[in-house]
Amino acid sequence: MDQCGKPMWIYLYHPPNEEAGGFSLAYVEGNRIVVGNYHRLLFMVDAMTGTLLWARQTGTGYFIAGLATDTALNRILVLPARDENDAAVMVYDYNSNLIWSQRYPLPGGSHEEFHSALVLPDTTYVFCGVTSYTGSWDLYVLRTDPQGNVLWARVIGGSFSEGQRVSRTRVDCALSPNSQYIAISSYTTTPAFFVTSSGGNPADVLVVVMDTTGALQWAKTYGEKALDFPKRIRFFHDRRIAVLGETRPYSWIDNDDYRDTSFLLIVDSNGSMLTLRRFLYGSFVYLGIRAETDAVGMDVTPDNGLLLSLYARFPFTGNDALLVKTDSTGYVPCGVDTTYWLQRDITNLISVHIPNIIPIPGPSDASVTVIQTPANLADSFICIACLNLDTPKITFLPRDTICFGDSIQVLFSIDTTTTACFTKRIDATWILNDSVHTDTFSPGMHIAEATIYCASTTITTRDTFWILPPPQITNPDTYACLNDSLFLSLQITSGTPPYSSYQWQPQNLIACDTCPATWIYVPQNTSLVVTVTDQIGCQTSDTIFIEAKPLPSTSTSSNSPVCMGDTLLLSASAQNAQPPYNYTYYTPWGDSLPGPNLTLSPTDTSWSGTWTLIVSDSFGCKDTVLIPIRITPLPILSFSGDTALCFGDTGKLSVTIASGTPPFQINWSGANWFSCNQCDSTRWFSTSSTTFQVFVSDSIGCKDTLSIPITIYPLPIFDLPDTTICYYDSAFRTVPTGIAWQWQPAQWTNCDTCQATWLTPPAQPTTFWVTATSPQGCQWTDTFHIDIDYGEPVQIVHCPSAVLADSQARLYGIAEGINWWWTSPDGTILTSPSHQMIWVRVPSPHGEQDTFILWTESILGCLTADTCILSAVKVQCWDDVWVPNTFTPNGDGKNDVLYVYAINPVRILRWRIYDRWGNLVFAADDFRAGYPLQHSEIGWDGTIHGQPARSDVYVWWLEVQCGRYVVFRKGDVTLIR
């Protein structure tokens, strides 16, 4: 239909044996409309002619609950409701080919379905519906990529129901104008915002707003003591939100006064309610009959109004379609809560048939009957606004003559209380509001026109308004030197002279801010705003830019202060202004010298003073620089202190300064070390004869240099080596140089002032030092160490206290060093296989003693010794102990073990048996032998490490406790296999 609600075409698309209700519609690009119905039928028609382009069955689900179109990817999004209890999405192309389909069940939820879909600018999709995820009905919102992959999912609800499966109501969602927020409408049974009554179940409107990441912004409910079911939700262009639904009082049963009533709810972007309106509420009488309406659809018009589609039920006259056009506040311009356009008798067209069977693609063989409306159908559309039409009125605010650049408000109005189709335009331009901006209209006369239409009735009103050109200021931009003043006189053309007023800004820079000509101070780049008003009152503001030309920025340099006899150099360089530059120097006595660079030779201090440099650029902007000049006398150096030293000593030198300008800067050079190389007095060190240089610079930079010859005498250097001597020896040392000597410690020398001496340290390591003096008095001291060799440790660890006279005894000692040996009582050196153990015979008779000594020698040849004294005794148990000289460990039970036998009980301290190579094959300690055992408790079974020993002769020895003495026995035994 057109903008006044008149039909352009009407088609009924009705497959056989199907109800015609329950359609979902979605516009696609290129004037096409996609439609889906309760019986899974999906078809596309031409929006301009109504021609059916194609139709198909989706083949799944109970019915199509919602549609959306992705015009960027040429896709159709289909939402089948009650599809095996899972939320599902099917995506087709514009030729009805299935691209993909996907189910989105929730774990723990038994029912999910989507009712509405959104396509975001990035071609991602948002689906809104319900789920029984928590046991009651909750909102289910899901976002996917273009392939159906889940980006995020949200479940919103509580212990009460927030929506349900598609029946009386459905979940709808809308995208904000900036594509950043999603608004969702449903209903809720939460008792927070209504009064519960026994007349029915509570239901309030629920509005949820979240951003496109799924983050909740706010959620609010709206309702009264009634059942309030939202059907559609939309964003206005200014982010207000409109909700269309229907309400039913609890006492509606069997009472015609309480029927379903459509309502319109408008809230701001924060959820605060702005408007609540009803359409055909309660006992509204149409043609004398009470009526009721159901909400069907809603969209926002380009003028930020609303277009509502309602389903009207008029008793005894049938069911009709109603369209309601509101303004941006939800108000119907007729002035009463009724319809803007009212169209009836659509349902009567079902009796008109023009057969045109189109097969439906897919597994079903159903068909679609296209029903075309007759040409005279438009006559059944009535416009109740045609009654008692008034002439439109046009009013101009603030007046009908304005200046170009101002805005005019053109008010179009009519007095009739009924509503008609109303058009407004200026010249040939249609306008949507009553404000006109003159930047879209040229100066001159313009025509405003208002027209109302209803059926064949047309009433038009015209009026004119004028736009006058303002004054024009033609002063060009100019310049001035920074911080200078400039005189300006305005040049004005156009407008309507004489000019009534002038205004300059900023006022603090203007000598006269209301004059057409004035002096202007320029502290920086300045934009002057000048406003001129002509006699009509039209104003023009112009900006005159005054460029503040920078002053030359001059950098100067000189080598002042200058010492007498040096050259005075002056130089200057200008920048940041417009070259070429002119430089002029002025001396303290009034002479002028051209620059920028000067080379002068001052002969005395009269040249000191302030010199002036003036620099100007090509615009005449100037800079003045004052240059102080100073001429000073030179400093003079003299010295005192040490100039000849022995090598290694430090000396001291001092300088004094005459003349010059303090403070002074002193620098010494030429030594290996100065304690302070910037002081007037310093200690110094040098390794060779040289010449020192002393430099002085005063505070002006005037300098003097002094040379000081230095002599370094050599030292009588020598090196005496460290040594080691036996603790009973002395060492001899001599000094190869010098004329005088001193040895320390003196008590260990035989001559402490001689060039050579014997050194006899105490019985411990000692450090000696000697000092030699050269003919120049230079001394050298050398330190050396004499260590003491105390010999290697030696100890006789086994020395019997008593031995049988004329018998053998075993002596055993421990000694370190490179050599060991034993000596007998007469000094004879005795040999031993191990050097530290030896068997000796005591020849002395009973009651006498023999002395044996164990010696050891260190690597330096120093000797140490230990002594063993043996006493000859006679012991009674010596002959009572014996060991057999043969045994046969062959396992026959006879003589298989070698034992120690004794006549009387004795204690065996140690028993050792060796093979012929000296290897230990058996050992036993601390056991007993003799009566009553006769042989020992322990014996050798003829094995070595568990293996049978070979037949051979073996050597043994015993240590036997005989009373308070320990005696030794040894012998051999033959093992026979």
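This passage describes the fold, cores and selected residues of a predicted protein model.

The secondary structure of the protein consists of 86 strands and zero helices. Of its 977 residues, 44% count as buried. Contacts between residues at least 6 apart in sequence were also examined; 53% of them join residues at least 24 apart. The protein exposes about 47400 Å². Carbon and sulfur atoms supply 52% of that area.

The largest nonpolar core holds 25 residues. Ile908, Trp911, Ile913, Trp940 and Leu958 touch the most other members. Four elements each give two or more residues to this core. They are strand 81 (906–914), strand 82 (920–929), strand 85 (952–962) and strand 86 (965–975). A second, separate core has 18 residues, including Ile473, Ala480, Val522 and Leu528.

Which residues does tryptophan 940 touch, leaving aside those up to four places away in sequence? Two of its partners, Trp911 and Ile913, are, like Trp940, among the core residues that touch the most other members. The other partners are Phe887, Asp896, Val897, Leu898, Val921, Phe922, Ala949, Tyr954 and Leu975.

Leucine 720 lies in a loop, between strand 63 (703–713) and strand 64 (723–726). Is this residue buried or exposed? Leucine 720 has a relative accessibility of 7%. The cut-off for buried is under 20%, so leucine 720 counts as buried. Leucine 720 touches Thr734, Trp743, Val770, Asp782 and Phe784, not counting residues up to four places away in sequence. Proline 736 is 16 residues from leucine 720 in sequence. In space, the two are 9.6 Å apart, C-alpha to C-alpha.

Leucine 863 belongs to strand 77 (residues 863–873). Its relative accessible area is 30%. That value falls between the 20% and 50% cut-offs, so leucine 863 is partly exposed. Leucine 863 also helps to make a nonpolar surface patch, together with Tyr727, Tyr728 and Tyr790. The patch covers about 390 Å².

One hairpin shows how strands pair in this model. Strand 12 (residues 138–144) and strand 13 (residues 150–156) pair in the antiparallel sense. Six bridges join them. Leucine 139 has isoleucine 156, in strand 13, as its bridge partner. Five residues lie between the two strands of the hairpin. In this hairpin, glycine 148 takes a positive phi near 90 degrees.

Note on methods: Residues are numbered from 1 along each chain as its sequence is written. This is a predicted model: local features need pLDDT of at least 70, side-chain atom pairs count only at pLDDT 80 or more; totals for chains, interfaces and linings use all residues. Side-chain values use heavy atoms; hydrogens and water are left out. A nonpolar core is a set of buried Ala, Val, Leu, Ile, Met, Phe, Trp, Tyr and Cys residues joined through side-chain atoms within 4.5 Å. Buried means under 20% relative accessible area, exposed over 50%, partly exposed in between (1.4 Å probe, protein chains only). Contact means heavy atoms within 4.5 Å. Patches are made of residues with over 30% relative accessible area and no salt bridge: like charges are joined within 9 Å, nonpolar side chains (Val, Leu, Ile, Met, Phe, Trp, Tyr) within 5 Å. Accessible areas come from the Shrake-Rupley method with a 1.4 Å probe; for residues, only the protein chains shown count as cover. A salt bridge is a side-chain nitrogen of Lys or Arg within 4 Å of a carboxyl oxygen of Asp or Glu. Two strands pair if DSSP finds at least two bridges between them.
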